[in-house]
Amino acid sequence: MRRLAAARRPAAAAALGGLLLLGAGLAQAEDWAYRVRPGDTLWDLGAKHLKVGVNWRKLQEYNRIADPYHLPPGSRMQFPIGWLRIEPAKARVIAVRGAVNLLPPSAAPSTSPAKLVSEGMRIGIGSRLETGPGASATLEFADGSRLLVQDNSSVVFDQLSSYGSTGMVDTRMRLRRGRTLNRVIPAKGPASRYIIDTPSATSSVRGTHFRVSAGDEGAADATEVLEGKVAVGAQHSQVLLRPGYGTVAAAGAAPAAPIALLPPPAWSDPQTRLEQLPAELAWAPVPGAVAYRVEVVRDDAPEVLLFETRTADTRVRIDELPAGRQRARVRAVADNGLGGRDSERSFVVHDLPPPLTISPIDGQRIGLPRPRFEWARAQGAERTRLQVAADERFAQPLIDAEVDGQRFRPALSLAPGQYYWRVASRDAQGRVGRFGNALPFQVSDAPADPGLEAPQAAQGRLTLRWQKGEPGQRYRVQIARKPDFSTLLLEEVVDVPQIELKRPGGGRWYVRVQTVEDDGYAAAFGPPQEIRLPCRLCYGAGAAGAVLLLLAL
(Lines give C-alpha, C1' and ligand atoms only; values in the text may rest on other atoms or scores of the structure.)
Protein backbone atom coordinates (compact mmCIF):
# COMPACT_ATOMS: atom_id res chain seq x y z
CA MET A 1 0.00 0.00 0.00
CA ARG A 2 1.33 3.42 -0.96
CA ARG A 3 2.29 5.81 1.81
CA LEU A 4 1.27 9.45 2.01
CA ALA A 5 2.80 12.21 4.08
CA ALA A 6 0.26 14.21 6.03
CA ALA A 7 -0.49 17.61 4.53
CA ARG A 8 -0.79 20.65 6.77
CA ARG A 9 -3.91 22.62 6.10
CA PRO A 10 -4.02 26.41 6.24
CA ALA A 11 -5.82 27.82 9.26
CA ALA A 12 -8.53 29.35 7.07
CA ALA A 13 -9.27 25.99 5.46
CA ALA A 14 -9.28 24.28 8.83
CA ALA A 15 -11.83 26.77 10.11
CA LEU A 16 -14.14 25.71 7.29
CA GLY A 17 -13.97 22.12 8.43
CA GLY A 18 -12.75 20.93 5.05
CA LEU A 19 -12.30 17.57 3.41
CA LEU A 20 -8.87 15.89 3.51
CA LEU A 21 -8.04 13.32 0.85
CA LEU A 22 -4.96 11.24 1.53
CA GLY A 23 -3.47 8.23 -0.16
CA ALA A 24 -4.15 5.16 1.95
CA GLY A 25 -1.62 4.69 4.72
CA LEU A 26 -0.30 7.87 6.42
CA ALA A 27 3.38 8.20 7.22
CA GLN A 28 5.51 10.86 8.86
CA ALA A 29 8.58 10.16 6.74
CA GLU A 30 11.07 13.05 6.73
CA ASP A 31 14.00 11.61 4.80
CA TRP A 32 14.60 11.20 1.12
CA ALA A 33 16.47 8.01 0.32
CA TYR A 34 19.23 8.00 -2.32
CA ARG A 35 21.03 4.96 -3.74
CA VAL A 36 24.73 5.65 -4.29
CA ARG A 37 26.05 5.36 -7.84
CA PRO A 38 29.64 4.70 -8.99
CA GLY A 39 31.68 7.91 -8.82
CA ASP A 40 29.46 9.68 -6.29
CA THR A 41 31.18 11.81 -3.66
CA LEU A 42 29.77 13.52 -0.61
CA TRP A 43 30.68 17.01 -1.80
CA ASP A 44 29.16 16.38 -5.25
CA LEU A 45 25.93 15.08 -3.72
CA GLY A 46 25.88 17.98 -1.27
CA ALA A 47 26.33 20.56 -4.04
CA LYS A 48 23.57 18.92 -6.10
CA HIS A 49 20.88 18.41 -3.48
CA LEU A 50 21.54 20.47 -0.33
CA LYS A 51 20.30 24.01 0.11
CA VAL A 52 22.59 26.92 0.91
CA GLY A 53 23.85 26.79 4.49
CA VAL A 54 23.86 22.99 4.81
CA ASN A 55 27.39 21.60 4.53
CA TRP A 56 28.17 18.17 3.10
CA ARG A 57 29.87 17.32 6.43
CA LYS A 58 26.45 17.39 8.09
CA LEU A 59 25.35 14.81 5.52
CA GLN A 60 28.38 12.69 6.40
CA GLU A 61 27.59 12.89 10.10
CA TYR A 62 23.87 12.18 9.59
CA ASN A 63 24.61 9.02 7.59
CA ARG A 64 27.58 7.96 9.82
CA ILE A 65 29.96 7.72 6.89
CA ALA A 66 33.47 6.94 8.05
CA ASP A 67 35.31 7.50 4.75
CA PRO A 68 33.85 10.39 2.70
CA TYR A 69 36.14 9.48 -0.22
CA HIS A 70 34.72 6.00 -0.69
CA LEU A 71 30.94 5.63 -0.98
CA PRO A 72 30.01 2.00 -1.77
CA PRO A 73 27.88 1.88 -4.92
CA GLY A 74 24.41 0.55 -4.16
CA SER A 75 24.41 1.72 -0.56
CA ARG A 76 21.61 4.02 0.61
CA MET A 77 21.93 7.52 2.01
CA GLN A 78 19.28 9.54 3.84
CA PHE A 79 18.70 13.23 3.11
CA PRO A 80 16.51 15.10 5.63
CA ILE A 81 13.73 16.84 3.72
CA GLY A 82 14.49 20.13 5.48
CA TRP A 83 18.04 20.12 4.09
CA LEU A 84 17.03 19.76 0.41
CA ARG A 85 17.22 22.64 -2.05
CA ILE A 86 13.79 23.91 -3.14
CA GLU A 87 13.37 25.53 -6.56
CA PRO A 88 10.43 27.05 -8.43
CA ALA A 89 8.80 24.61 -10.85
CA LYS A 90 6.32 26.36 -13.13
CA ALA A 91 3.43 24.45 -14.67
CA ARG A 92 3.29 24.25 -18.46
CA VAL A 93 0.12 24.67 -20.51
CA ILE A 94 -0.14 21.78 -22.97
CA ALA A 95 -3.63 22.42 -24.38
CA VAL A 96 -6.18 25.25 -24.49
CA ARG A 97 -9.77 25.30 -25.70
CA GLY A 98 -11.78 28.52 -25.82
CA ALA A 99 -11.20 31.67 -23.77
CA VAL A 100 -8.88 31.01 -20.82
CA ASN A 101 -7.38 33.90 -18.83
CA LEU A 102 -4.32 34.04 -16.58
CA LEU A 103 -4.38 36.69 -13.87
CA PRO A 104 -1.20 37.80 -12.07
CA PRO A 105 -0.46 37.03 -8.40
CA SER A 106 -2.46 39.09 -5.93
CA ALA A 107 0.76 40.81 -4.82
CA ALA A 108 1.25 42.19 -8.32
CA PRO A 109 0.07 45.72 -9.19
CA SER A 110 -3.69 45.88 -9.68
CA THR A 111 -3.11 47.42 -13.09
CA SER A 112 -1.49 44.22 -14.38
CA PRO A 113 -3.79 42.98 -17.15
CA ALA A 114 -5.06 39.45 -17.56
CA LYS A 115 -3.44 37.42 -20.34
CA LEU A 116 -5.04 34.99 -22.70
CA VAL A 117 -3.60 31.56 -22.03
CA SER A 118 -1.84 29.89 -24.94
CA GLU A 119 -0.21 26.52 -25.45
CA GLY A 120 3.34 26.41 -24.09
CA MET A 121 2.78 29.21 -21.57
CA ARG A 122 4.40 28.79 -18.13
CA ILE A 123 2.37 29.43 -14.98
CA GLY A 124 4.05 30.38 -11.71
CA ILE A 125 3.19 30.59 -8.03
CA GLY A 126 0.29 32.86 -7.10
CA SER A 127 -1.23 33.04 -10.56
CA ARG A 128 -4.95 32.51 -11.11
CA LEU A 129 -6.33 30.66 -14.12
CA GLU A 130 -9.95 31.15 -15.16
CA THR A 131 -11.90 29.35 -17.87
CA GLY A 132 -14.99 30.76 -19.54
CA PRO A 133 -18.06 28.97 -20.90
CA GLY A 134 -17.07 26.08 -23.14
CA ALA A 135 -13.37 26.61 -22.34
CA SER A 136 -10.75 24.38 -20.73
CA ALA A 137 -7.01 24.16 -20.15
CA THR A 138 -4.66 21.24 -19.50
CA LEU A 139 -1.52 21.80 -17.43
CA GLU A 140 1.47 19.56 -16.81
CA PHE A 141 3.51 19.87 -13.61
CA ALA A 142 7.21 19.23 -13.03
CA ASP A 143 6.73 15.53 -12.23
CA GLY A 144 4.49 14.84 -15.26
CA SER A 145 1.20 14.99 -13.33
CA ARG A 146 -1.61 16.63 -15.29
CA LEU A 147 -4.52 18.86 -14.36
CA LEU A 148 -7.54 19.47 -16.58
CA VAL A 149 -9.39 22.65 -15.62
CA GLN A 150 -12.87 22.44 -17.11
CA ASP A 151 -15.24 25.23 -18.13
CA ASN A 152 -16.42 28.00 -15.80
CA SER A 153 -13.64 27.22 -13.30
CA SER A 154 -11.14 29.28 -11.30
CA VAL A 155 -7.88 27.89 -9.90
CA VAL A 156 -5.18 29.67 -7.85
CA PHE A 157 -1.70 28.11 -7.74
CA ASP A 158 -0.34 28.49 -4.21
CA GLN A 159 2.78 26.34 -4.50
CA LEU A 160 4.69 25.08 -7.53
CA SER A 161 8.14 23.89 -6.50
CA SER A 162 10.53 20.97 -6.76
CA TYR A 163 13.20 19.55 -4.48
CA GLY A 164 16.18 20.02 -6.76
CA SER A 165 16.75 16.97 -8.97
CA THR A 166 15.21 14.48 -6.53
CA GLY A 167 12.02 14.12 -8.59
CA MET A 168 9.88 15.26 -5.65
CA VAL A 169 7.51 18.15 -6.28
CA ASP A 170 5.18 20.23 -4.13
CA THR A 171 2.04 21.22 -6.04
CA ARG A 172 -0.74 23.02 -4.19
CA MET A 173 -3.73 24.88 -5.61
CA ARG A 174 -7.16 26.23 -4.73
CA LEU A 175 -10.19 25.37 -6.82
CA ARG A 176 -12.42 28.37 -6.11
CA ARG A 177 -15.18 27.15 -8.41
CA GLY A 178 -15.75 24.61 -11.16
CA ARG A 179 -14.38 21.16 -11.87
CA THR A 180 -11.01 19.49 -12.42
CA LEU A 181 -9.78 16.11 -13.58
CA ASN A 182 -6.46 15.03 -12.06
CA ARG A 183 -4.03 12.35 -13.13
CA VAL A 184 -1.22 12.29 -10.58
CA ILE A 185 2.08 10.50 -11.19
CA PRO A 186 3.05 8.18 -8.29
CA ALA A 187 5.15 10.10 -5.78
CA LYS A 188 8.93 9.66 -5.92
CA GLY A 189 9.62 10.54 -2.32
CA PRO A 190 8.06 11.47 1.02
CA ALA A 191 8.02 15.22 0.32
CA SER A 192 5.94 14.96 -2.85
CA ARG A 193 2.55 16.60 -2.52
CA TYR A 194 -0.41 17.22 -4.78
CA ILE A 195 -3.04 19.22 -2.92
CA ILE A 196 -6.28 20.85 -4.07
CA ASP A 197 -8.27 23.08 -1.71
CA THR A 198 -11.95 23.81 -2.37
CA PRO A 199 -14.18 26.09 -0.29
CA SER A 200 -15.05 23.15 1.98
CA ALA A 201 -12.45 20.51 1.14
CA THR A 202 -8.77 19.74 0.86
CA SER A 203 -7.65 16.95 -1.45
CA SER A 204 -4.16 15.51 -1.15
CA VAL A 205 -3.02 12.50 -3.16
CA ARG A 206 0.17 10.79 -4.25
CA GLY A 207 -0.47 8.92 -7.43
CA THR A 208 -4.07 8.37 -8.48
CA HIS A 209 -6.79 9.38 -10.94
CA PHE A 210 -9.67 11.37 -9.49
CA ARG A 211 -12.14 14.19 -10.08
CA VAL A 212 -12.85 17.17 -7.83
CA SER A 213 -15.67 19.69 -8.09
CA ALA A 214 -16.28 22.80 -6.03
CA GLY A 215 -20.04 23.14 -5.76
CA ASP A 216 -20.61 22.20 -9.41
CA GLU A 217 -24.21 22.91 -10.50
CA GLY A 218 -25.04 24.04 -6.95
CA ALA A 219 -24.17 20.69 -5.35
CA ALA A 220 -21.81 20.11 -2.41
CA ASP A 221 -18.08 19.70 -3.05
CA ALA A 222 -17.53 16.22 -4.45
CA THR A 223 -14.68 13.77 -4.96
CA GLU A 224 -14.85 10.78 -7.28
CA VAL A 225 -12.05 8.17 -7.27
CA LEU A 226 -11.33 6.39 -10.54
CA GLU A 227 -7.99 4.73 -9.72
CA GLY A 228 -6.06 4.19 -6.48
CA LYS A 229 -7.21 4.51 -2.87
CA VAL A 230 -7.95 7.79 -1.16
CA ALA A 231 -8.63 8.54 2.49
CA VAL A 232 -11.06 11.40 3.04
CA GLY A 233 -11.13 13.22 6.34
CA ALA A 234 -12.87 16.25 7.79
CA GLN A 235 -14.32 17.33 11.12
CA HIS A 236 -12.42 14.56 12.93
CA SER A 237 -14.01 11.93 10.70
CA GLN A 238 -12.39 9.84 7.99
CA VAL A 239 -13.52 7.42 5.31
CA LEU A 240 -11.52 5.32 2.85
CA LEU A 241 -12.49 5.50 -0.82
CA ARG A 242 -11.65 2.76 -3.27
CA PRO A 243 -12.00 2.97 -7.07
CA GLY A 244 -15.62 3.44 -8.08
CA TYR A 245 -16.60 5.29 -4.92
CA GLY A 246 -16.99 8.94 -4.02
CA THR A 247 -18.05 11.27 -1.25
CA VAL A 248 -19.57 14.69 -0.81
CA ALA A 249 -18.94 17.29 1.88
CA ALA A 250 -20.41 20.65 2.70
CA ALA A 251 -18.72 23.38 4.71
CA GLY A 252 -18.47 22.37 8.37
CA ALA A 253 -19.77 18.84 7.75
CA ALA A 254 -18.05 15.48 7.88
CA PRO A 255 -17.66 13.62 4.60
CA ALA A 256 -20.43 11.22 3.72
CA ALA A 257 -19.80 7.50 3.95
CA PRO A 258 -18.43 6.01 0.70
CA ILE A 259 -21.04 6.20 -2.06
CA ALA A 260 -20.89 3.85 -5.02
CA LEU A 261 -20.61 5.80 -8.27
CA LEU A 262 -23.33 5.22 -10.84
CA PRO A 263 -22.43 2.56 -13.43
CA PRO A 264 -21.22 3.54 -16.89
CA PRO A 265 -24.04 4.11 -19.41
CA ALA A 266 -24.52 1.46 -22.10
CA TRP A 267 -24.04 2.77 -25.62
CA SER A 268 -27.04 2.68 -27.92
CA ASP A 269 -25.29 1.43 -31.06
CA PRO A 270 -28.09 2.00 -33.62
CA GLN A 271 -28.19 5.73 -32.75
CA THR A 272 -24.44 6.21 -32.14
CA ARG A 273 -22.53 7.40 -35.20
CA LEU A 274 -18.92 8.43 -34.81
CA GLU A 275 -17.47 7.71 -38.22
CA GLN A 276 -18.34 11.15 -39.60
CA LEU A 277 -19.23 14.65 -38.46
CA PRO A 278 -21.58 15.71 -37.10
CA ALA A 279 -21.16 12.84 -34.64
CA GLU A 280 -24.16 11.37 -32.84
CA LEU A 281 -23.79 9.80 -29.36
CA ALA A 282 -26.64 7.90 -27.74
CA TRP A 283 -26.88 5.74 -24.64
CA ALA A 284 -29.41 3.95 -22.48
CA PRO A 285 -30.81 5.73 -19.39
CA VAL A 286 -29.07 5.00 -16.08
CA PRO A 287 -31.35 4.48 -13.07
CA GLY A 288 -30.73 7.20 -10.50
CA ALA A 289 -29.24 9.68 -12.99
CA VAL A 290 -30.52 13.25 -13.12
CA ALA A 291 -28.15 14.31 -15.91
CA TYR A 292 -25.24 13.13 -18.04
CA ARG A 293 -21.86 14.67 -18.73
CA VAL A 294 -20.40 14.09 -22.19
CA GLU A 295 -16.76 14.77 -23.07
CA VAL A 296 -14.48 14.17 -26.02
CA VAL A 297 -10.74 14.01 -25.37
CA ARG A 298 -7.64 13.17 -27.35
CA ASP A 299 -7.21 9.42 -27.33
CA ASP A 300 -3.46 9.67 -26.68
CA ALA A 301 -3.86 12.43 -24.06
CA PRO A 302 -7.17 12.00 -22.19
CA GLU A 303 -6.53 15.14 -20.11
CA VAL A 304 -6.82 17.28 -23.27
CA LEU A 305 -10.48 18.20 -23.57
CA LEU A 306 -11.97 18.88 -27.01
CA PHE A 307 -15.69 19.00 -26.22
CA GLU A 308 -17.89 18.92 -23.11
CA THR A 309 -21.52 19.37 -22.26
CA ARG A 310 -24.07 18.47 -19.60
CA THR A 311 -27.50 17.26 -20.68
CA ALA A 312 -30.63 15.67 -19.28
CA ASP A 313 -31.16 13.85 -22.59
CA THR A 314 -29.64 10.49 -23.55
CA ARG A 315 -28.15 11.66 -26.84
CA VAL A 316 -25.82 14.41 -27.98
CA ARG A 317 -24.87 15.78 -31.38
CA ILE A 318 -21.31 17.06 -31.90
CA ASP A 319 -20.81 19.23 -34.97
CA GLU A 320 -17.12 20.15 -34.84
CA LEU A 321 -14.00 18.27 -33.74
CA PRO A 322 -10.37 18.50 -34.85
CA ALA A 323 -8.93 15.75 -37.01
CA GLY A 324 -7.27 12.81 -35.28
CA ARG A 325 -8.02 9.87 -33.02
CA GLN A 326 -10.41 10.94 -30.28
CA ARG A 327 -12.19 9.34 -27.34
CA ALA A 328 -15.81 9.98 -26.38
CA ARG A 329 -16.86 9.40 -22.79
CA VAL A 330 -20.19 9.78 -21.06
CA ARG A 331 -21.11 9.39 -17.40
CA ALA A 332 -24.27 9.68 -15.36
CA VAL A 333 -24.64 12.35 -12.67
CA ALA A 334 -26.56 11.47 -9.49
CA ASP A 335 -28.78 13.85 -7.56
CA ASN A 336 -26.02 14.23 -4.94
CA GLY A 337 -23.73 15.71 -7.61
CA LEU A 338 -21.39 12.71 -7.91
CA GLY A 339 -20.38 11.81 -11.43
CA GLY A 340 -20.46 8.11 -12.25
CA ARG A 341 -18.04 5.83 -14.04
CA ASP A 342 -17.22 6.65 -17.65
CA SER A 343 -18.34 4.73 -20.68
CA GLU A 344 -15.73 5.32 -23.39
CA ARG A 345 -15.42 4.76 -27.11
CA SER A 346 -12.54 5.68 -29.43
CA PHE A 347 -13.04 6.94 -32.97
CA VAL A 348 -11.21 8.78 -35.73
CA VAL A 349 -12.03 12.16 -37.26
CA HIS A 350 -10.56 11.98 -40.73
CA ASP A 351 -8.35 14.80 -41.93
CA LEU A 352 -10.21 15.54 -45.17
CA PRO A 353 -10.15 19.30 -45.75
CA PRO A 354 -13.55 20.90 -46.37
CA PRO A 355 -14.11 22.29 -49.88
CA LEU A 356 -13.66 25.98 -50.55
CA THR A 357 -17.05 27.63 -51.08
CA ILE A 358 -17.84 29.77 -54.12
CA SER A 359 -21.51 30.78 -53.85
CA PRO A 360 -23.59 31.94 -52.14
CA ILE A 361 -20.97 34.15 -50.53
CA ASP A 362 -21.07 35.16 -46.87
CA GLY A 363 -24.23 37.17 -46.18
CA GLN A 364 -25.46 37.18 -49.78
CA ARG A 365 -29.09 38.13 -50.47
CA ILE A 366 -30.68 35.83 -53.05
CA GLY A 367 -33.98 36.27 -54.82
CA LEU A 368 -34.31 32.57 -55.64
CA PRO A 369 -36.26 30.10 -53.47
CA ARG A 370 -34.00 27.36 -54.87
CA PRO A 371 -30.53 28.95 -54.87
CA ARG A 372 -27.63 27.19 -56.49
CA PHE A 373 -24.67 26.21 -54.28
CA GLU A 374 -21.19 25.96 -55.74
CA TRP A 375 -17.80 24.95 -54.29
CA ALA A 376 -14.34 23.76 -55.24
CA ARG A 377 -13.23 20.12 -55.07
CA ALA A 378 -10.86 19.36 -52.19
CA GLN A 379 -7.88 17.08 -52.75
CA GLY A 380 -8.78 13.45 -52.15
CA ALA A 381 -12.53 14.11 -52.27
CA GLU A 382 -14.81 11.93 -54.39
CA ARG A 383 -18.11 13.45 -53.31
CA THR A 384 -19.36 16.37 -51.25
CA ARG A 385 -21.83 16.47 -48.40
CA LEU A 386 -23.90 19.68 -48.31
CA GLN A 387 -26.15 20.87 -45.50
CA VAL A 388 -28.53 23.84 -45.30
CA ALA A 389 -30.20 24.84 -42.04
CA ALA A 390 -32.14 27.71 -40.52
CA ASP A 391 -29.87 27.70 -37.43
CA GLU A 392 -26.12 28.09 -37.20
CA ARG A 393 -25.72 24.87 -35.16
CA PHE A 394 -27.48 22.76 -37.84
CA ALA A 395 -29.60 21.04 -35.19
CA GLN A 396 -32.22 20.18 -37.84
CA PRO A 397 -30.81 20.51 -41.37
CA LEU A 398 -33.40 21.35 -44.01
CA ILE A 399 -31.16 19.94 -46.74
CA ASP A 400 -28.60 17.15 -46.23
CA ALA A 401 -27.39 15.89 -49.60
CA GLU A 402 -24.54 13.87 -51.13
CA VAL A 403 -23.40 15.49 -54.39
CA ASP A 404 -21.14 14.08 -57.10
CA GLY A 405 -20.24 17.37 -58.78
CA GLN A 406 -19.41 20.83 -57.54
CA ARG A 407 -22.81 22.45 -58.03
CA PHE A 408 -26.17 21.72 -56.48
CA ARG A 409 -29.64 23.20 -56.77
CA PRO A 410 -32.04 21.69 -54.25
CA ALA A 411 -35.53 20.48 -55.13
CA LEU A 412 -36.77 22.10 -51.90
CA SER A 413 -37.91 25.71 -52.18
CA LEU A 414 -36.76 27.81 -49.23
CA ALA A 415 -39.16 30.29 -47.68
CA PRO A 416 -37.90 33.87 -47.33
CA GLY A 417 -35.55 34.17 -44.37
CA GLN A 418 -32.05 33.62 -43.02
CA TYR A 419 -30.19 30.36 -43.70
CA TYR A 420 -26.74 28.78 -43.32
CA TRP A 421 -24.89 26.35 -45.55
CA ARG A 422 -21.74 24.25 -45.22
CA VAL A 423 -19.94 21.46 -47.06
CA ALA A 424 -17.66 18.54 -46.20
CA SER A 425 -15.58 16.16 -48.34
CA ARG A 426 -16.11 12.39 -48.70
CA ASP A 427 -13.27 10.23 -50.00
CA ALA A 428 -13.36 7.05 -52.11
CA GLN A 429 -13.59 4.89 -48.95
CA GLY A 430 -16.73 6.72 -47.83
CA ARG A 431 -15.03 8.62 -45.01
CA VAL A 432 -16.42 12.11 -44.39
CA GLY A 433 -14.19 14.90 -43.10
CA ARG A 434 -15.12 17.85 -40.98
CA PHE A 435 -17.45 20.56 -42.26
CA GLY A 436 -16.16 23.96 -43.25
CA ASN A 437 -17.44 27.19 -41.72
CA ALA A 438 -21.18 27.79 -41.83
CA LEU A 439 -21.94 30.67 -44.22
CA PRO A 440 -25.10 32.75 -43.79
CA PHE A 441 -27.27 33.82 -46.71
CA GLN A 442 -30.74 35.28 -47.12
CA VAL A 443 -33.60 34.22 -49.37
CA SER A 444 -35.81 37.11 -50.42
CA ASP A 445 -39.19 36.98 -52.14
CA ALA A 446 -38.72 40.49 -53.54
CA PRO A 447 -38.35 40.24 -57.34
CA ALA A 448 -34.91 41.19 -58.55
CA ASP A 449 -34.86 44.54 -60.35
CA PRO A 450 -33.08 43.97 -63.67
CA GLY A 451 -32.13 47.65 -63.82
CA LEU A 452 -33.76 48.51 -67.15
CA GLU A 453 -32.21 51.52 -68.81
CA ALA A 454 -34.17 54.17 -70.63
CA PRO A 455 -35.20 52.66 -73.98
CA GLN A 456 -33.80 54.03 -77.22
CA ALA A 457 -35.99 54.53 -80.35
CA ALA A 458 -34.46 55.22 -83.74
CA GLN A 459 -35.38 54.56 -87.37
CA GLY A 460 -38.47 52.55 -86.47
CA ARG A 461 -36.62 50.35 -83.93
CA LEU A 462 -36.84 50.11 -80.12
CA THR A 463 -33.82 49.04 -78.04
CA LEU A 464 -34.02 47.87 -74.40
CA ARG A 465 -30.99 47.30 -72.15
CA TRP A 466 -30.71 46.10 -68.56
CA GLN A 467 -28.13 45.16 -65.94
CA LYS A 468 -25.79 42.29 -66.81
CA GLY A 469 -26.09 39.18 -64.61
CA GLU A 470 -23.67 36.37 -63.78
CA PRO A 471 -21.62 34.60 -66.48
CA GLY A 472 -23.68 31.93 -68.24
CA GLN A 473 -27.05 33.48 -67.42
CA ARG A 474 -29.65 34.20 -70.13
CA TYR A 475 -32.66 36.51 -70.08
CA ARG A 476 -36.35 36.07 -70.94
CA VAL A 477 -37.99 39.35 -72.04
CA GLN A 478 -41.75 39.91 -72.22
CA ILE A 479 -43.60 42.97 -73.60
CA ALA A 480 -47.37 43.37 -73.22
CA ARG A 481 -50.08 46.00 -73.48
CA LYS A 482 -51.53 45.13 -70.04
CA PRO A 483 -49.64 45.02 -66.69
CA ASP A 484 -50.83 41.45 -66.05
CA PHE A 485 -49.03 40.29 -69.22
CA SER A 486 -52.09 38.27 -70.25
CA THR A 487 -51.50 39.04 -73.93
CA LEU A 488 -47.89 39.23 -75.04
CA LEU A 489 -46.58 41.30 -77.91
CA LEU A 490 -43.17 39.68 -77.50
CA GLU A 491 -41.50 36.85 -75.52
CA GLU A 492 -37.90 36.11 -76.35
CA VAL A 493 -34.85 34.57 -74.61
CA VAL A 494 -31.54 36.30 -75.33
CA ASP A 495 -27.94 35.67 -74.29
CA VAL A 496 -27.00 39.31 -73.79
CA PRO A 497 -28.68 41.96 -71.60
CA GLN A 498 -30.17 43.77 -74.58
CA ILE A 499 -32.95 43.33 -77.12
CA GLU A 500 -33.83 45.28 -80.28
CA LEU A 501 -37.26 45.02 -81.88
CA LYS A 502 -39.57 46.79 -84.31
CA ARG A 503 -41.09 49.77 -82.64
CA PRO A 504 -44.63 49.01 -81.34
CA GLY A 505 -47.57 51.37 -81.56
CA GLY A 506 -48.01 54.36 -79.30
CA GLY A 507 -49.41 54.40 -75.80
CA ARG A 508 -48.49 52.39 -72.74
CA TRP A 509 -46.51 49.17 -72.91
CA TYR A 510 -45.14 46.99 -70.12
CA VAL A 511 -41.79 45.21 -70.01
CA ARG A 512 -40.34 42.65 -67.59
CA VAL A 513 -37.17 40.55 -67.56
CA GLN A 514 -36.50 37.13 -66.05
CA THR A 515 -33.05 35.65 -65.38
CA VAL A 516 -32.53 32.07 -66.58
CA GLU A 517 -29.65 30.16 -64.99
CA ASP A 518 -27.26 28.10 -67.10
CA ASP A 519 -28.90 24.91 -65.78
CA GLY A 520 -32.34 26.09 -66.96
CA TYR A 521 -33.66 27.22 -63.60
CA ALA A 522 -35.65 30.46 -64.02
CA ALA A 523 -35.85 33.09 -61.33
CA ALA A 524 -38.96 35.14 -60.69
CA PHE A 525 -39.65 37.96 -63.13
CA GLY A 526 -38.42 41.35 -62.09
CA PRO A 527 -40.91 44.15 -61.40
CA PRO A 528 -42.77 45.33 -64.53
CA GLN A 529 -41.65 48.57 -66.12
CA GLU A 530 -44.00 50.95 -67.99
CA ILE A 531 -43.05 52.43 -71.35
CA ARG A 532 -45.00 55.37 -72.82
CA LEU A 533 -44.60 55.78 -76.56
CA PRO A 534 -45.88 59.08 -77.96
CA CYS A 535 -48.21 58.61 -80.92
CA ARG A 536 -46.12 60.93 -83.04
CA LEU A 537 -43.56 58.17 -83.10
CA CYS A 538 -46.18 55.77 -84.36
CA TYR A 539 -46.48 57.51 -87.76
CA GLY A 540 -44.25 59.23 -90.21
CA ALA A 541 -41.66 56.71 -91.22
CA GLY A 542 -38.13 57.97 -91.30
CA ALA A 543 -38.67 60.44 -88.52
CA ALA A 544 -35.66 61.16 -86.38
CA GLY A 545 -35.14 58.86 -83.32
CA ALA A 546 -36.32 60.04 -79.92
CA VAL A 547 -35.51 59.12 -76.37
CA LEU A 548 -38.54 57.51 -74.67
CA LEU A 549 -39.57 57.77 -71.07
CA LEU A 550 -39.31 54.70 -68.84
CA LEU A 551 -41.40 54.93 -65.71
CA ALA A 552 -41.61 52.40 -62.90
CA LEU A 553 -45.05 51.25 -61.90
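Are D151 and R179 buried or exposed? D151 is buried, and R179 is buried as well. Here buried stands for a relative accessible area under 20%, exposed for over 50%, and partly exposed for values in between, with a 1.4 Å probe and protein chains only.

This is a predicted model, in which local features need pLDDT of at least 70 and side-chain atom pairs count only at pLDDT 80 or more, while totals for chains, interfaces and linings use all residues. Residues are numbered from 1 along each chain as its sequence is written, and side-chain values use heavy atoms, with hydrogens and water left out.

**Salt bridges**

Side chains of opposite charge can pair when their charged atoms come close. A salt bridge is counted when a side-chain nitrogen of Lys or Arg is within 4 Å of a carboxyl oxygen of Asp or Glu. The whole structure has 38 salt bridges. Three of them are listed here.

| Salt bridge | N to O distance |
|---|---|
| D151 and R179 | 2.5 Å |
| R179 and E308 | 3.2 Å |
| R422 and D319 | 3.4 Å |

The side chains of D151 and R179 meet at 2.5 Å. D151 lies in the loop between β13 (146-149) and β14 (154-162) and R179 in strand β15 (residues 169-183), so this salt bridge ties together parts that are 28 residues apart in sequence. Strands (E, at least two residues) and helices (H or I, at least four) are DSSP runs, numbered from the N terminus.

R179 also forms a salt bridge with E308. That pair links distant parts of the chain, as R179 is in strand β15 and E308 in strand β26 (residues 301-311), 129 residues apart. R179 counts as buried because its relative accessible area is 6%. E308 is buried too, at 10% relative accessibility.

In the third pair, R422 meets D319. R422 belongs to strand β36 (residues 417-426), and D319 to the loop between β27 (315-318) and β28 (324-334), 103 residues away. R422 is buried because its relative accessibility is 3%, and D319 is buried at 11%. Elsewhere, salt bridges that share partners join R211, E224, E295, R329, R331 and D342 into one network.

**R385 and its surroundings**

R385 sits in strand β33 (residues 383-389). With a relative accessibility of 5%, R385 counts as buried. Its side chain makes a polar contact with the side chain of D400 at 2.9 Å. A polar contact is a pair of N or O atoms within 3.5 Å; within protein, one must be able to donate a hydrogen and the other to accept it, and residues adjacent in sequence count only if both atoms are side-chain atoms. Beyond its neighbours within four places in sequence, R385 has contacts (heavy atoms within 4.5 Å) with residues including R273, D400, R422 and F435.

**Cavities**

On a 1 Å grid over the protein atoms alone, a cavity is a set of points where a 1.4 Å probe fits but cannot get out, and lining residues have an atom within 4 Å of a point. Grid points are joined across faces, edges and corners, and a volume is the space filled by probe spheres set on the points. Two cavities of 30 Å³ or more are found in the whole structure.

The largest cavity holds about 70 Å³ of space. Among the residues that line the largest cavity are D143, K188, R193 and Y194.

The second largest cavity has a volume of about 30 Å³. Its lining consists of L462, I479, P504, W509, V511, I531 and L533. Strands β43 (507-516) and β44 (529-533) each supply at least two of these lining residues.

Definitions and conventions: On a 1 Å grid over the protein atoms alone, a cavity is a set of points where a 1.4 Å probe fits but cannot get out, and a pocket is an open set with protein on both sides within 12 Å along at least five of seven lines; lining residues have an atom within 4 Å of a point.
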